[in-house]
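Reader: I'd like to know about the empty spaces in this protein. Could you walk me through them?

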Amino acid sequence: MKPIHLAALALLAAAPVPQQQQQQDDPLTRPIAPEAAAKWIGPQAPIRVFGNSYLVGFQGMNVALIDTGGGLILIDSAVPQSVRAIEANLKKLGYRIEDVKLILSTEPHFDHAGGLAALVRDSDATVLASDWAAASLKRGMSSADDPQAAWLVPFPAVSRVRVVRDGEAIRLGNVTVTARATPGHTPGSMSWTWRSCEGRACRAMVFAASLNPVAANGYRFTRHPEVVASFRASQAKFRALPCDIMFSAHPDNSGGVEKYARFARGTRPNPYVDPGACRAYAARSATALAKRLAEEKAGKAK
């Protein structure tokens, strides 16, 4: 599919509100589920992982940054109360939140999308998401067909969202990011791929949406064969993806905690370079799904 050039896609909107003019009690950064969120948003120094690709998130929640040379791209936003830390991490790297032009969303759950509304306001960026996820982001809540619907809490609604399709290529600056539909964890989960280079060395980069078959109490995957089929299709997609460096939305789902620690110690070769990461991610999901289905059939699932 031909890349879409976003230089001509800017949307008319109000200018970002300077931080000093925002009220101290900011409804867009008001904490959500602080006890649950605390285990995800432990502070972590931002790092340049490879080429133009960075991590600017947290110990238990990845947020990625791509410098396209024509503006910045963020992937995911964590929770509302983490927005100021993300913006501070950008500043530590020499960037400004106002330089962010696109924010790519993996799923409309509060832990990944809760900070989107504040980041959009502060940057004037546009969020890209699947059609299902876009509708949920605009509501500030996932829909009833989400396996985790009964567990979820609302988050600030996102007004500036653009729908992208599976396989759609988005061009900004000198980078093309491709949307990869990977449903299962939610019906509209979207992963993202691009290439980063250092000199002549280039790597296939993947930011993976969650692929964990978890569900609220009472939900049964065995009653939803279409969801099981979507998990298996997404697992097959991950097995086939070019994948040199993979970030998962939750780093502990892909060995990201250990990779960050080794990278921070200066370990070489680069511990993030792992051509088997996507296949391992798919295998872990397949094993978890098989276990869950077996538990349901045995009457052991909650």
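Author: Happy to! A term to start with: helices, of at least four residues, and strands, of at least two, are DSSP runs numbered from the N terminus. Keep in mind that this is a predicted model.

Reader: Which elements each supply at least two residues of the lining of the largest cavity?

Author: The structure holds 1 cavity of 30 Å³ or more. Among the residues closest to the centre of the largest cavity are Gly 256 and Val 257, and α7 covers 256-264. The elements that each give at least two lining residues are β13 (245-248) and α7.

Reader: Which element gives the most to the lining of the largest cavity?

Author: The space in the largest cavity is about 80 Å³, and its lining divides into 8 nonpolar, 7 polar and 1 charged residues. The top contributor, with 4 residues, is α7.

Reader: Thanks! And what volume does the largest pocket have?

Author: Let's begin with its walls. Lining the largest pocket are 20 residues, and those closest to its centre include Lys 39, Trp 40 and His 250. The volume of this pocket is about 410 Å³.

Reader: Which helix gives the most to the lining of the largest pocket?

Author: By class, the pocket lining has 7 nonpolar, 9 polar and 4 charged residues. Asp 111 is one of the residues closest to the pocket centre, and residues 110-113 form a helix. With 3 residues in the lining, the helix that gives the most is α3.

Key
Residues are numbered from 1 along each chain as its sequence is written. This is a predicted model: local features need pLDDT of at least 70, side-chain atom pairs count only at pLDDT 80 or more; totals for chains, interfaces and linings use all residues. Side-chain values use heavy atoms; hydrogens and water are left out. On a 1 Å grid over the protein atoms alone, a cavity is a set of points where a 1.4 Å probe fits but cannot get out, and a pocket is an open set with protein on both sides within 12 Å along at least five of seven lines; lining residues have an atom within 4 Å of a point. Grid points are joined across faces, edges and corners, and a volume is the space filled by probe spheres set on the points. Ala, Val, Leu, Ile, Met, Phe, Trp, Tyr, Cys and Pro count as nonpolar, Asp, Glu, Lys and Arg as charged, and the others, Gly among them, as polar.
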